[in-house]
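Here is a friendly walk through a structure that may be new to you. Take a look at it, and then we'll go through some of its parts together.

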Amino acid sequence: MSEARLILLVASVLAIAGGAAALFEDQAGTYDWYKQHIGVATEAAFHPSKPRVCVATQQSVVGCLNLRDGAIAWRKRADTGVAAMLMMSSPATMVTAANRTVRMFDLEGNQKWQRSLPGSSGPVLLAELPDGGDTSAKGRLAVVQGGTVQILDASDGSPVGDVQSEPVLKRDIVLVVGPALVAYDVGSKNMAVVPLIPDVQGTAAAQELGSPLPLSAFATSSPAGLAALSSDLSALCVSHLTDGVLESTLSCTQLVELVPQSSGGPWRVAATSSGFLLLSADPGAPGAVLLSEEPGTPIKLLRYFPDVVSASREVQTEAGRHVALMHVDADGRLRLMVASTSTGDVTLEESFPAVPAHGRVVGQPDPPQPIALALGAFRKKDKSTGYRALVSLDSGSLALLQQGVIVWSRDESLASVEEALFADLPAAASDSSVLEAGGAKADMNARIRYQVLGAKVQLKLNTPAEAEELLQLRGVLSDKNLAVRDVNGFRKLLLVRTSAGTVAAVHNGDGRKIWSRRYTPDTAPTHLLPWRSYHDIQHAPEVLVMRDAAPGAYATVLNAHTGEQLWHQPLPYGVGKVVPMHPPMHEGSAVQSTYILVEQLANGEAPPALHLLPDSPASRTHVLAAQRPAFLVQQAPGTSTLQGFSLAPAPGRPSGVIAQPAWQVVFPDSILALASRDPSEPIQSSVKVLSDRSIKYKYLNPNLLFVASGPATGAALDGSAGVGTLASEVTATLLDTVTGRVLHRQSHAGARGPITAVLAEHAVLYFFTDIDTGRQVACSMELYDATPGREFSVLDYLFNPNSTLPVSSFSATPIEVLTQSYYSRLVPTGAAVTRTEQGITAKQLLLLANTDQVYALDRRWVDPRRPKKQKLSQEEMEEGLVPYQDTLPFSPLSFTTLDKQVLGARSVRVEPTRLESTCLVFVHGVDLFYTRTAPAKGFDSLEDDFNYALLLAALVGLAGGAVVMQYMSKQALLGQRWK
Amino acid sequence: MADLKSWRLELESLIPDRKNQIDPPGYDFAIARDPIGMISTNKPRDRNTLARKQQALYAKATAPLKQVGMMCFMAWMMGNGIQIFSIFMTFNLLSSPLSAIMSSGEVFPRDEEWKQLDTLTPRALYCLVHAGQLIFGLYKLSSMRLLPSTSSDFISTMPVPAALEAAYTAL
C-alpha cells in the first residue's frame, strides 16, 4: 500500500513539474540573459547639467550613459537607416533623420517633436543655424535634402517659412555657412550660395563663389567662414564671412608652407572658434594641425601635433576654448592632450592604460583606434578645471578617461551582430578542466543548504532573507556557465559575426565573450557558416568565415573553441551567393559542410559561374554523384524573375560544375518575400491522422519555394480607398524549384507588403497588410498530397522495406491546400520556427515583432482547419482544434523575450538541444537576448530548480511512517491475541 | 498460530477443552468422519448429491456475472477520457478476467470421488463470463483509442519519402 502511495506521490510531483506553464519572477535570469548595448559611438557630447554623456552610434541609437558607471540612462533607436544625426548645442538636444522623418529628442530621452523630411530622396543634411546675435534666429535647424531646404524651429519643430526648392543645391557637398548654404561638386571650382533666411540676408538671390583651385570633399564651415581642401589635397582654401556675407573668392594657401613638418596627405577639416583644426585622414601618417585665422590676416600655424589620430570638437570652458587630441601607442596605451584652440598650448597631457579587452583577443590585431572623442570639463575640488574624455574605439570599446584612469569601459563590439551560429563546447576531460574553465566547485554544505532553503521556500516557511540567499546560492551552484558541454546539450558556444568585422565566441550561459577576432574594415567578413564538426569529442568544431566582395574575397576556417585560424584561401572572384548543400559530406568521423559559391556577375543574363567549397574530388563527387540531379534557383539581379538551372558535370571547368538554364518564372510585380524549407529540418511523421482515423499525407517536397509578389514596398497606390486599394494585390505562389512548376497560387486583393513568410514542414505562414483596415493579416496554408486513391497497407509497410517510394518533382503530385486568414495584432518583421532534435515536439512560431520582441505563437492557432463554430464535436476537441476567431490570440505571457525589448532585433536563431522538449533561442539586434524554450513544456525533464531535498524528505518520511505503522500494527495484533 | 506447525507439544500443557491440540500422527479426519466411504469406494453415489454438486458448480460458474456486470457498468460510467483512474480501471478490466481464466482450473478442480461430475461445462461458462469482461475491456480500450486497430496507427512512423532531385536556392 505504501508503495502505491509512493508511486502516486512521485507521479503527482512529476505532473506538477511538467505542468509549469509560465515563468515565475524568481526564475527570471536563471537560464536567460539579456545584454543591452548602445552601439559603437560616432558622436558624443557631455550633458551640460547632469553627470551623463550622450552619444549617437553607428547602430542608429541615440542615448545617454551615466558618467559614474557607464550604465545606460536612456536610449532611443531610430528606424533602420539613419540618414543624418546631429547633436545641437542650444537647446541641448539630439536630432535624427531617418525613414523620411526628422525627430528631436531632449537629453532626457523624450521625443520633443517629429516632422517629415522636405525632400523625397537623397542624402540629408541637418545643421544648427548659428544665432549670430539675432534672437529671432536662435535655436533653428536647417534640414536639407535633395535640393530642398526647410528651416525648423528647434523648440517645437514648427516650420519657419516655406520649403525652399533650390536645384543648385543638388551637388556633392552641401555646407551651412552662417545664414547661408554653400554647395559644390567635388573637383569643381564653383560654389553656389543660397541664403537660408532671406529676410535676415536681405536678398533672396543665389550667389556664386569662385575658387582658384578645384576643391575636394574635405570641407568645413565655421562662424568665421568656410574652408575646403583643394582636390589635389595640397592647399587649404578659405572664404571669410563678414556680416553674414562670404567673400566671393576663396583664398588658397599651400599646406606645405603652413605645416612644413607634415608629409601631406588627405586631411579632415574641422572648424574652431579661432581657426581650423586639420586631422590627418591618412592612417599611415597621423597628425593634427591647429591653425588660426582671422579676417584680413593670412592663416597661421598655431601648433603641429604629430601622431594624433583623433580630435574632439571644441569645448568652451572657464579656462578658454579647448580641443582634445588623442594618440594611441603601439601597445594600445592612450595619450590624451587638451590644447587651447586660440594659442595652441597644451594645457593637459595624460597617459592612460590600454582599454581592457573583453574575452581573449585572437590574432595579432593593431591597437584599436579611436572613432570618436569627446571632451568634457568639470570643476575639481580645488576649484581648478579638470578634463575628462569619452573615447569610442574601433574595437567596439567605449571608455571614460579621467585623471589618468579608465573610469569605466563598455564593450559594444557585439551591438551589430549579423549572423549567429551555435557550436558544441569541448567535452570535459576531467574535473580539473571544469575548474580551469571557470566553473566554481561548490562545497557540499552549500548544496545541502540550497536544497533545504528550496524546501522551505516551497512550503512557504521562509523569511525574505532566506529567499534572497536561495537566489544567490542558485547563481553560485548553477552549472550553466561551465565551459564544457553537458549531457542535455544546453551549454553551447555561440559564434557571432558583426557588421563591424568581429567574429566572436560567446558562452550561452551568461553571454560572456570567450574569444574574439577583429578584422579591419576592408577585410571584414560577410558570412559565418558551419564548416566541419566531429562525432568524436577530441576535435573542436570548425567554422567558415568568408568575405564575398572582390577584390579581397577570401575563405578562412577557424577553430570554434580557440578562434585560431586553421586554413585561409583568397578567392580570385567575388561571391554573389553562398549556397549550403544538404546533406553534408561525411569523411570518417567528420561531418563536412559543402557550399556552392555563385560568382558575382555583372549581367544577369548568363548562367551563373559556380565554384565549390571545399573544392576537392570528394566534394565534386558529392555534389553530382549523389544519385540525384541537382538544381539551382536564383533571382535574376534587379528583376522579378526566378531562374532555375540544372547542375551538370563539366570536367574541363575549374569547379567541375556548370549551370545550364532549365526554367524561368516571371512575376508581374516585384518579389516581396521568399521562403523555402530548411532541408535539415527534422520531420517525425509524413502523415497527419485525423480524429476519424483517416490519413492525410503531408506534402513534404523539399524543393518547395514560397514566393510572395505584389506592388513594391513603399510604392504609391492608385487610389486612397475603395477600388484603388483593391487593385493592389499580393499574390502567394508555391513553386517547385526543380521544374519551375507553379503548384498553387492565391491572391489577396487590397493587400500590400512588406511581407514576412515562414515555411516549415508542410505549412506556410505569411503576413501582409490589409490596406482598407490597415491591419496585419496572417495567412496560413497547409499542404497535403492529394493523389487520388492513395492506399496504405499495414502489411506492406511492416514487411516490405521498399514500401516508401521516393518522390520526384517530374512526376507531378496533385496538392490540396488548406488556407485560412486571421488578423494579427502583432506586426512581424521576421519569423522563425522552433526546432527540436527529432521534430516530435509541437512547433511554435517565433514572430519577431516590430516592437523588438519575440512572440511565441502555437501552430494550432494558425491551423487552417479551425472550425467556424463555437460548439466543437468530441472528435474536433480530441484533435486539439480551436474554434475559429478572426483575430489571432495575443497573450502577454507568450513573449519569448519576457519583459525585455531587444533593441533593433534583427533575427532569431534556434538550436535544438539533446532533450526533445527543449530548444535554445538567440535573438540579436543592438541588444542580445538568449533563452531556452520548451514549446510543449518540459515533458522529458524536471525543472532546473526541482527540489530533490523535498522529494527525499517525503520518501524518508513515508518509509519511516511505514516502518512505524508496521510495528504498531504488530503490537496491536499481539494485544488483541492476548485478550 | 505458528507454533502449531511444529510437532513439539509439552504433555503438561495438554488441558482438556482447549482447541489447539494436535492430532496424532497418522490421524485422518476424512476417514474418521466417513469410515464406510473409505471401505467401499465402488458404491454408487447418491444421484441427488451429484445433481446438487453439479448445480453448485453452475452457480459458482455464473457467480462472477454480477461482479462483471458491475465492473462493465462502472467502466462505462467512467467515460473514454484517458486519466489515471480510467487507466487503472481499464487495466483491471483486462487483467482480472485473464487471471481468473488462467486460474479457473483451481476454481473447478476435478473431483476424484465424483468422477461423473461435469466440471468442464461450468468452467467454460465461468471463462465465458470473464471473457465477456475481457471483450468489454478491449472495447473500452478501443473506444479510448488505445488499440492499434486502423492502418493510421501504423503509419505515423512511416519515414518521410526521399526526393529524387535536389534544388538549392541561391536567393
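## A stretch of chain A to start with

How much of residues 948-969 of chain A is helix, how much is strand, and how far apart are the end C-alpha atoms? The stretch turns out to be 100% helix and 0% strand, and its end C-alpha atoms sit 31 Å apart. UniProt, in an unreviewed entry, lists residues 948-969 of chain A as "transmembrane region". Keep in mind as you look around that this is a predicted model.

There is also a longer annotated span in chain A. An unreviewed UniProt entry gives residues 761-978 of chain A the label "domain: ER membrane protein complex subunit 1 C-terminal". In the model, residues 761-978 of chain A are 19% helix and 29% strand, and the C-alpha atoms at the two ends of that span lie 75 Å apart.

## How far to trust it

Let's check the confidence scores. For the complex, the predictor gives an ipTM of 0.74 and a pTM of 0.83. Chain A has an average pLDDT of 83, with 91% of its residues scoring at least 70. Two stretches of chain A call for some care: residues 6-21 have a pLDDT below 50, with 13 contacts in the model beyond near neighbours in sequence, and residues 200-204 are also below 50, with eight such contacts. Where pLDDT is low, the predicted coordinates should not be read in detail.

Chain B averages a pLDDT of 80, and 80% of its residues score at least 70. Which elements of chain B have the lowest and the highest mean pLDDT? The lowest belongs to helix α2 (residues 35-39) of chain B, at 58, and the highest to helix α7 (residues 120-143) of chain B, at 91.

## A helix pair in chain A

Two packed helices are described by the angle between their axes and the distance between the axes. Take helix α5 (residues 444-458) and helix α6 (residues 464-477) of chain A: they pack at an angle of about 135°, and their axes are 9 Å apart. An angle between 115 and 145 degrees counts as oblique, so α5(A) and α6(A) are oblique to each other. Their crossing is left-handed.

Who meets whom here? On the α5(A) side the contact includes A:Y450, A:L453 and A:V457, while the α6(A) side includes A:L470, A:L473 and A:L477. Charged residues take part too, among them A:R447 and A:K456 in α5(A) and A:E466 and A:E469 in α6(A). By class, the contact of α5(A) with α6(A) has eight nonpolar, one polar and six charged residues.

The loop between α5 and α6 of chain A holds A:K460. What is unusual about the phi of A:K460? A:K460 has a positive phi of about 60°, although it is not a glycine. Most residues other than glycine have a negative phi, and most peptide bonds are trans.

## Two cis bonds and a strand residue

On the subject of peptide bonds, chain A has a couple to look up. The bond from A:A550 to A:P551 is cis, with omega near -5°, and A:P551 is in the loop between β42 (542-547) and β43 (554-559) of chain A. A cis peptide bond also joins A:G753 and A:P754, with omega about 0°; A:P754 is in strand β59 (residues 751-760) of chain A.

Now find A:T829, in strand β63 (residues 828-833) of chain A. Beyond its neighbours within four places in sequence, A:T829 touches A:T756, A:L848, A:A849 and A:N850. A:T829 and A:N850 are 21 residues apart in sequence, yet their C-alpha atoms are 5.8 Å apart in space.

## Helix α4 of chain B and its partners

Over in chain B, helix α4 (residues 64-78) packs against helix α5 (residues 84-102) at an angle of about 150°, with the axes 10 Å apart. That makes α4(B) roughly antiparallel to α5(B). The crossing is left-handed. Among the residues in contact are B:M71, B:M74 and B:M78 of α4(B) and B:F85, B:M89 and B:L93 of α5(B). The contact of α4(B) with α5(B) counts seven nonpolar, two polar and no charged residues.

Is α4(B) roughly parallel or antiparallel to α7(B)? The angle between α4(B) and α7(B) is about 5°, with their axes 9 Å apart, which makes α4(B) roughly parallel to α7(B). This contact includes B:L65, B:V68 and B:W76 of α4(B) and B:Y126, B:V129 and B:F136 of α7(B). Its classes are 10 nonpolar, two polar and one charged.

Technical notes: Residues numbered from 1 in each chain as written. Chains lettered and ligands numbered in written order. Predicted model: local features only at pLDDT ≥ 70, side-chain atom pairs only at ≥ 80, totals over all residues. Heavy atoms only, no water. UniProt positions renumbered as here; feature names shortened; annotations may be inferred. Helix = DSSP H or I, 4+ residues; strand = E, 2+ residues; numbered from the N terminus. Axes fitted to C-alpha atoms, helices over the stretch in contact; angles between N-to-C directions. Parallel < 35°, antiparallel > 145°, perpendicular 65-115°, else oblique. Left-handed = near helix turned anticlockwise from the far one by under 90°. Contact = heavy atoms within 4.5 Å. Nonpolar A, V, L, I, M, F, W, Y, C, P; charged D, E, K, R; others polar. pLDDT = per-residue confidence, 0-100.
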